[in-house]
Amino acid sequence: MPDFSAAAALAVLPTIWADRQSALHPAGGRAAFAAEAAWALFAGGALIFLLVLIALAVALYGPPAWRRRVSGHAMVMGAGIVFPVVVLSALLVYSLGLAAAMLRSEPPAAARIEIMGEMWWWRVRYLDQDGHVLFETANEIRIPVGQPVDLLLGSENVVHSFWVPNLAGKLDMVPGRINRLRIQADVAGRYRGQCAEFCGAQHAKMMFDVQALSAPAFQAWQQAQQQPGAAPPVAAPQLRQGQQIFLQACAQCHTVRGTRAAGRQGPDLTHVGSRLSLASGVLPNNVGTLAGWIAGSQHIKPGNGMPAFNQLSGTQLRAVARYLENLQ
């Protein structure tokens, strides 16, 4: 008997992901411009293709008089030169008009965010009006809904490409250069993005999330992110043990503000417990996945820059994972 439940799940999943990661489901003004241009170009291409098929059918199977007309000098000049020039010129003018509309009368950005492509994750720094870093996070971007946000995109290793299909077109991240991309989410929600330029072995697992929050929720989140990491309570020996192990084994690569951990190679973990995912969108964020990532990151994402700490006992792994979960 066929498994209708599995078939139904497979039918529903593409619809779910289409809403979260699709250029054809725009959730912001710039993405809407891009989607409009895509549909116009698709319609123009489909019309040209249809006319070519009609001409081919007439040339092969039409009456002799029609076939002579299709092969005549006027048809060749008109359909082969004049028609493509007129159609392509019209599409070019239309596309340039849309691009100009995207740049016209831009209001000031509500936030400025510097994003650096790493191997294979995203370093995210929120900046003040003078360009100074307010705080740093990783693999997750939060923006106010209905307001424009400027992204300053760069790379410290190879070429990456930043792409959130629902919010904007893709833009390359080139070493030694900062490119600017403006995005805006007109609908609150969570949108998936990822690297769109092959950058190495784990390119396919270099994802991120963009969350569009209400203005008050965004301001509250920003203020919370600027605070140091939560210190373990005296009455929580497991958390204190986890912090001690973390400072011994992880402080060389990771930062937790408010502690002596000030490493710069890996992601800032000051508020890692509040993030939605781990390993650049590969795992959901909970105690079990935290412990699994610490113990076997090379099995989950081979070639990433974090060594596997499989020498830690189960008790030690749980302690470190609980400590990181507590960093809200």
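**Exercise 1. Determine whether the span of helix 6 agrees or disagrees with the expected value.**

Solution. Helix 6 covers residues 237-249, 13 residues in total. Helices are DSSP runs of H or I with at least four residues, strands are runs of E with at least two, and both are numbered from the N terminus. The expected span is 1.5 Å times one less than the number of residues. For helix 6 this gives 18 Å, and the end C-alpha atoms are 18 Å apart, so the two values agree.

The model is predicted: local features need pLDDT of at least 70, side-chain atom pairs count only at pLDDT 80 or more, and totals for chains, interfaces and linings use all residues. Residues are numbered from 1 along each chain as its sequence is written, and side-chain values use heavy atoms, with hydrogens and water left out.

**Exercise 2. Identify the buried residues of helix 6 and the element against which they pack.**

Solution. Buried means under 20% relative accessible area, exposed over 50%, and partly exposed in between (1.4 Å probe, protein chains only). In helix 6 this applies to Leu239, Gly242, Gln243, Ile245, Phe246 and Leu247. These residues pack against helix 8 (314-325), where contact means heavy atoms within 4.5 Å.

**Exercise 3. Explain how Trp221 is paired with Tyr126 and with Phe135.**

Solution. Rings of Phe, Tyr and Trp (its six-membered ring) pair if their centres lie within 6.5 Å; planes under 30 degrees apart are stacked, over 60 edge-to-face, and the rest tilted. The count comes to 9 aromatic pairs.

1. Tyr126 and Trp221 are 5.3 Å apart, centre to centre, with 70° between the planes, an edge-to-face pair. Because Tyr126 belongs to strand 2 (residues 122-127) and Trp221 to helix 5 (residues 215-225), the pair ties together parts 95 residues apart in sequence.
2. Both partners are buried: Tyr126 has a relative accessible area of 0%, and Trp221 one of 11%.
3. The ring centres of Phe135 and Trp221 are 5.5 Å apart and their planes lie at 80°, so this pair is also edge-to-face. Phe135 lies in strand 3 (residues 133-138), so its pair with Trp221 joins parts 86 residues apart in sequence. Phe135 is buried, at 2% relative accessibility.
4. Ring pairs link Tyr126, Phe135, Phe218 and Trp221 into a cluster.

**Exercise 4. Describe the largest nonpolar core.**

Solution. A nonpolar core is a set of buried Ala, Val, Leu, Ile, Met, Phe, Trp, Tyr and Cys residues joined through side-chain atoms within 4.5 Å. The largest has 32 residues, and Ile141, Ile143 and Phe162 have the most contacts inside it. Strand 10 gives the largest share, 4 residues.
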